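Here are a few exercises to work through with a structure viewer at hand. Try each task before you read its solution.

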Amino acid sequence: MKPILSVRDLTAVFALRGGLETRAVDGVSLDLFPGETLALVGESGSGKTTLALSLLRLIPDPPGRIDSASRIEFDGTDVLRLDAGALRRIRGGGMAMIFQEAGSSLNPVMTVGAQIAETVRVHTGLGRRAARGRARDLLADVGLSDPERLDQYPHQLSGGMQQRVMIAMALAGAPRVLIADEPTTALDVTIQLQVLDLLADLQQRLGLALLLITHDLGVAARIASRVAVMYAGRIVESAPAARVFGGPQHPYTEALLQAVPRLDRPAGRLPAIPGQPPRASEWPAGCRFHPRCRHAWARCREQEPALLSADADHAARCWLLAEPERRAQ
Amino acid sequence: MTRRVRIGLAAVALLYLIAWLAPLLAPYDPAAQLDLVSGRLLPPSLAHPLGTDPLSRDILSRLLFGARFSLSIAAVAVLVAITVGTAVGLVAGLAGGLVDAFLMRSVDAALAIPRVFLLIVVLALWDTGGLTALVLVLGLTGWFPTSRLVRAEVLSLRQRDFVLAARGLGLPRWRVAVRHVLPNAVAPIVVTATLGVGHTILIEAALSFLGIGVRPPLPSWGNMIADSQAFLATAPWLATVPGVAVVATVMTFSILGEALRDTIDPRRR
């Protein structure tokens with residue numbers, strides 16, 4: 001099967017004061033296939049959101065730009081070389097994005113019905129009446145079947161409902177790829193589950209490819225078919241979800257999993273990863289995780305590993321795959 | 001809506017109602033010279049509640065018709081100023097880069113020229129333009145601060161998530177500008193328009209006082225004050241009546257503008 005979205009060597013560069021540059025996303029490659037859910041997991045500052053915005057060419061320029069060696073292909077179209085009109089059709093009509101804070105991602109002075117209908121009209125050319133009808137259907141699709149919601153303003157809705165409206169808006173242009181950037185982070189735990197299940201359900205029903213960006217491994221475990229772990233602007237591990245959670249190959253992934261509280265282990269202090277995640281302006285030389293890695297040896301400090309294959313569909317950016325005997329006990 | 005806003009709105013509405021009903025309320029024709037022999041400079045009386053002027057015209061009638069001119073000229077001029085200023089500010093804020101730099105440096109340059117001086121020169125040269133010229137020139141010299149205000153507002157709005165979301169969903173730029181950015185900048189625009197009407201009334205009065213605003217025989221508060229200069233000692237009510245009208249009207253707009261700012265302008269909350 002051909003990927004619907006194919007990213008090669010994506011590098012997002014931000015200009016800093018004094019002529020310095022920072023590579024918030026640094027040479028990321030990934031493929032997203034129709035009907036699958038890929039979870040992109042990582043800490044704050046690892047470049048997840050910048051990656052998501054870059055896919056739709058939404059990073060602020062200046063100071064940001066996408067390096068010319070990068071390639072983003074959506075359904076065979078080179079997104080980075082599209083003119084403004086074609087780019088607009090892809091945005092919302094090919095790939096749509098859901099943001100973390102639904103409350104601030106909705107226009108406070110427009111009713112939710114008008115906002116959804118507007119996106120419908122832009123992408124389908126339907127008339128006012130038909131677009132409103134479509135907005136009503138979309139709201140029903142995301143579990144807001146009460147027709148009076150159409151005429152409410154975002155502030156009249158709860159956080160969970162706002163996120164449902166945002167999802168309805170994202171679906172208005174009938175996209176084939178849905179990019180969800182921390183869609184549940186701002187919500188209560190019970191509402192988180194509802195929204196996740198809604199996303200999984202929509203993904204199944206509409207055959208969407210879902211790129212789910214999260215720092216929450218539980219969220220990834222619940223609905224992802226594949227997981228890519230991001231650290232310091234790079235993908236450090238990529239595999240089917242069960243493999244990542246069952247047998248992580250990168251020490252960073254391993255440490256993240258150990259830091260998740262679990263009911264089946266005695267209560268106690270959770271192991272933490274020592275140190276701080278590096279800043280985008282000063283990625284460490286060699287392996288970017290080495291200052292915080294308990295296995296690190298000389299090679300890790302000098303030379304950065306490529307994504308090494310553990311087997312056909314599991315890769316990790318770690319020298320342990322080449323020299324497993326170096327693993328510290 | 002707070003009590004202050006309601007009182008301010010009611011007062012402004014009352015002013016416009018009086019101006020609109022001037023033909024019904026005024027006891028005489030404002031331009032009629034009623035009795036040049038014995039009816040000049042009469043003090044207030046039952047027949048002439050505010051007295052008569054040096055040409056024996058009824059001052060109350062002139063005051064009411066003057067309100068028509070002052071209030072409508074200021075309103076239309078501010079409408080012109082707000083429209084142009086909002087358009088320029090929106091374009092500058094959204095386009096950024098060279099367009100923004102060019103527009104804003106031009107505004108800076110225009111602001112460096114004193115507005116009253118500019119008005120006097122243009123109106124003195126264009127003395128056949130009448131009221132249209134007055135309104136246009138007041139409007140076209142009044143939009144500079146609005147454009148800066150709108151630009152600043154747009155610069156902060158365009159960073160907001162819902163603007164990014166709208167762009168991310170493929171809405172055309174003009175639609176994002178007109179439907180998502182602009183409506184969220186309305187509050188400060190309304191405040192500045194309200195304060196602007198009061199300010200414009202003051203400037204219009206000054207220009208009419210100098211004889212290049214509303215010109216005789218049309219009544220305006222400014223030219224009424226000008227007419228009364230020579231009689232300050234003998235007929236002080238002549239200057240006092242239109243003077244009080246100007247002060248009260250400008251204050252009304254200031255009070256409403258300040259109340260609106262405290263209530264609807266998000267930056268003041």
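The exercises below concern this predicted model.

**Exercise 1. Overall fold**

Task: Work out whether the radius of gyration of chain A agrees with that of a compact globule.

Solution: Start with the chain length, which is 329 residues. A compact globule of that length would have a radius of gyration near 20 Å. Chain A has 21 Å, so the value agrees with the rule. For a fuller picture, the C-alpha trace spans about 65 × 50 × 40 Å along its principal axes. Chain A holds 11 helices and 13 strands, and buried residues account for 45% of it. Now turn to contacts between residues at least 6 apart in sequence: 63% of these join residues at least 24 apart.

**Exercise 2. A backbone angle after H6**

Task: Locate A:Ala174 and decide how exposed this residue is.

Solution: First, find the loop between helix H6 (159–171) and strand S8 (177–181) of chain A, where A:Ala174 lies. Next, check its backbone: phi is positive, about 50°, although the residue is not a glycine. Most residues other than glycine have a negative phi. Finally, count neighbours: 14 other C-beta atoms lie within 10 Å of A:Ala174, so this residue is partly exposed.

**Exercise 3. A backbone angle after S8**

Task: Is A:Glu182 buried or exposed?

Solution: Begin in the loop between S8 and helix H7 (189–206) of chain A, where A:Glu182 is found. A:Glu182 also has a positive phi of about 50° without being a glycine. Then apply the cut-off: a residue is buried if 20 or more other C-beta atoms lie within 10 Å. A:Glu182 has 20 C-beta neighbours inside 10 Å, so it counts as buried.

How values were computed:
Residues are numbered from 1 along each chain as its sequence is written. Chains are lettered from A and ligands numbered from 1 in the order in which they are written. This is a predicted model: local features need pLDDT of at least 70, side-chain atom pairs count only at pLDDT 80 or more; totals for chains, interfaces and linings use all residues. Helices (H or I, at least four residues) and strands (E, at least two) are DSSP runs, numbered from the N terminus. A residue is buried if 20 or more other C-beta atoms lie within 10 Å of its own, exposed if 12 or fewer, and partly exposed in between; C-beta atoms are placed from the backbone. The radius of gyration is taken over C-alpha atoms; the globule rule is 2.2 Å times the number of residues to the power 0.38. Two residues are in contact if their C-beta atoms, placed from the backbone, lie within 7 Å.
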